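Thanks for sharing this one. Here are a few notes to read alongside the model.

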Amino acid sequence: MNRRLAVLRSVTIVSVSSYIEYALGLVVSIWIARALGPADFGRYAFTVWLCGWLITCSNHALTTSSTKFIAEADGSGATSIASHIAYRLSQVQHLSSLIVMAIFLLVVFIVRPDEWEGFLLPVTGLVVIATVAKANYGMLVAIEKGQEHFEPEAIAVVGAGAIGIVLVIGATLAHAGLLAFIALFAIASLLLNLINRFAYRRYCQPYEAGPIPVEMRARLSRHLRLTAMLVLLGSFKAGTFEVFLLNTFSGSTAVGFFAIAVTLTRGAVQLFSVGLTSTLLPYMAKSFGEHGHDRTAYFLAEATRFYWAVGLIIAGLGFVTTPEIVTLMYGNRYVDAIPAIESFLVLAGLLLIGNGIGAFQTVVDRQADRVRVTVVSLVANAVFGLLLVPPLGLPGAVLAYAATRLTELGLAIYYLRRATSHGLPVAAMAKLFVVGAAATGAAWLVTAWTPGHYGFLLGSVVFVAIFTPGSVWVGYWSSDDFRLMASIAARLGPPGRMVMRGLNNLQRPPANSLP
């Protein structure tokens, strides 16, 4: 139970900061979209997407490998080795960023993107600044997570987000153009880096050069090679083909709609699951270092149950609330983006369990399986994109993205079953799916029948009122889960105890946690 409470504390820190970050980021997205309009917002979204892709190329395997091996070394009691790993990978990250930026500048000089026509030089400089700053920030966050310190990232995202939103609102009121908003994105990246560095010195252990044991160095090198291949291949299928094809065949407006769908979906996933996702890899890696493969498989089963519950909430609430929320936030100019947003939210929720599978394969050194999955998914993404995007535009991009993600999950489950005898809790997941479908249907009817633009609020209440007790009634939660819930509820006073009494009355004899 103490371990669960420690995990819960870390999840809470990451979740609260992420909620604030998401709220601030959402406000920024709305202000920029309304200020620029669909066409220029599409160009802005293309620039931000390019920075994200360059950051991925700069950091490739380094962030994942840092978190895994630092946490694993700490778990086995070798804290000095963890420090040496952090130093070595940090140096590699600097070199990697330098190489990626040099290639980027060469490509820009040759291609000269149409999206930046008229201000090619300043935008190129801003992209370099934003990419280097945020890539280095990501590397330091990975080291922090390996040490099980989540406070610096939380402080950085909240502090930089608060400053950034003030700057964006000021630029909007001053009727600033596209270039100004790209500059503010670069400033926000610099702020993240700076604030995080100050917080790192306060909370985390410094790292230093030193030897790494031969056996671990060999595992680290192999992990880096495979994960780098995995991440770089994955960077081409994470909406990259869709954005490129939309930009080529449908124009910047379609790119803007696609970007809004991706942004809101990512925000919803972060809102409900970022705490678990951010803490899962380091805790799973530490468990692997302490207890080995079997305990890690147990961790996966536990994570899958939580991911599935959270995913159904994202899918259900996303389907019910999207039309009215998008109209209220972005205005009628972005109504055509609603079907794409709904589709992305439902898909993201149902496929959220893939996060746990990926973390497990990373921790137990099954990166070769992930590479195989990624290669096949990349080919599928290219095929689906070429077949669907040119003739169908934005709907084709959504279909291509969905088909790729489904292919990826199916292959991940296939390789998971080859790697461990502990399967996914399919029976329990099926029961909860029925509960989620019933809650979604009832919430959708209530939203449709409620007059005005705020029916989604009542619909959301109905969804939660059906889904929460329904999940207990079908016996989805384990006895360990209930003990943790009771511990939390006791700290909330009479309201918490009253909620637990109601849930206990609904509870059937629960299935114990998977061994």
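**Notes on the surface, a pocket and the salt bridges**

1. A good place to begin is Leu98, which is exposed, with a relative accessible area of 59%. Leu98 sits in helix H3. Please keep in mind that this is a predicted model.

2. Leu98 belongs to a nonpolar surface patch of about 950 Å². The other members of the patch are Leu95, Ile99, Ile103, Leu106, Val107, Phe109, Ile110 and Val111.

3. Val107 turns up again in the second largest pocket, where Phe46, Trp49, Leu50, Val107 and Phe244 lie nearest the centre. The lining of this pocket comprises 23 residues. Helix H1 (2-59), helix H3 (79-111) and helix H8 (240-249) are the elements that each give two or more residues to that lining. The pocket's volume is about 640 Å³, and its lining has 17 nonpolar, three polar and three charged residues.

4. How many salt bridges does the count come to? The count is two. In one of them, Arg43 pairs with Asp40, with the closest N and O atoms 2.6 Å apart. Arg43 and Asp40 are three residues apart in helix H1, so about one helical turn separates them. Arg43 is partly exposed at 28% relative accessibility, and Asp40 is partly exposed at 26%.

5. Glu408 and Arg405 also meet in a salt bridge, at 3.6 Å from N to O. Both residues lie in helix H14 (residues 394-419), three residues apart, about one turn of the helix. Glu408 is partly exposed at 21% relative accessibility, and Arg405 is partly exposed at 23%.

Definitions and conventions. Residues are numbered from 1 along each chain as its sequence is written. This is a predicted model: local features need pLDDT of at least 70, side-chain atom pairs count only at pLDDT 80 or more; totals for chains, interfaces and linings use all residues. Side-chain values use heavy atoms; hydrogens and water are left out. On a 1 Å grid over the protein atoms alone, a cavity is a set of points where a 1.4 Å probe fits but cannot get out, and a pocket is an open set with protein on both sides within 12 Å along at least five of seven lines; lining residues have an atom within 4 Å of a point. Grid points are joined across faces, edges and corners, and a volume is the space filled by probe spheres set on the points. Helices (H or I, at least four residues) and strands (E, at least two) are DSSP runs, numbered from the N terminus. Ala, Val, Leu, Ile, Met, Phe, Trp, Tyr, Cys and Pro count as nonpolar, Asp, Glu, Lys and Arg as charged, and the others, Gly among them, as polar. Patches are made of residues with over 30% relative accessible area and no salt bridge: like charges are joined within 9 Å, nonpolar side chains (Val, Leu, Ile, Met, Phe, Trp, Tyr) within 5 Å. Accessible areas come from the Shrake-Rupley method with a 1.4 Å probe; for residues, only the protein chains shown count as cover. A salt bridge is a side-chain nitrogen of Lys or Arg within 4 Å of a carboxyl oxygen of Asp or Glu. Buried means under 20% relative accessible area, exposed over 50%, partly exposed in between (1.4 Å probe, protein chains only).
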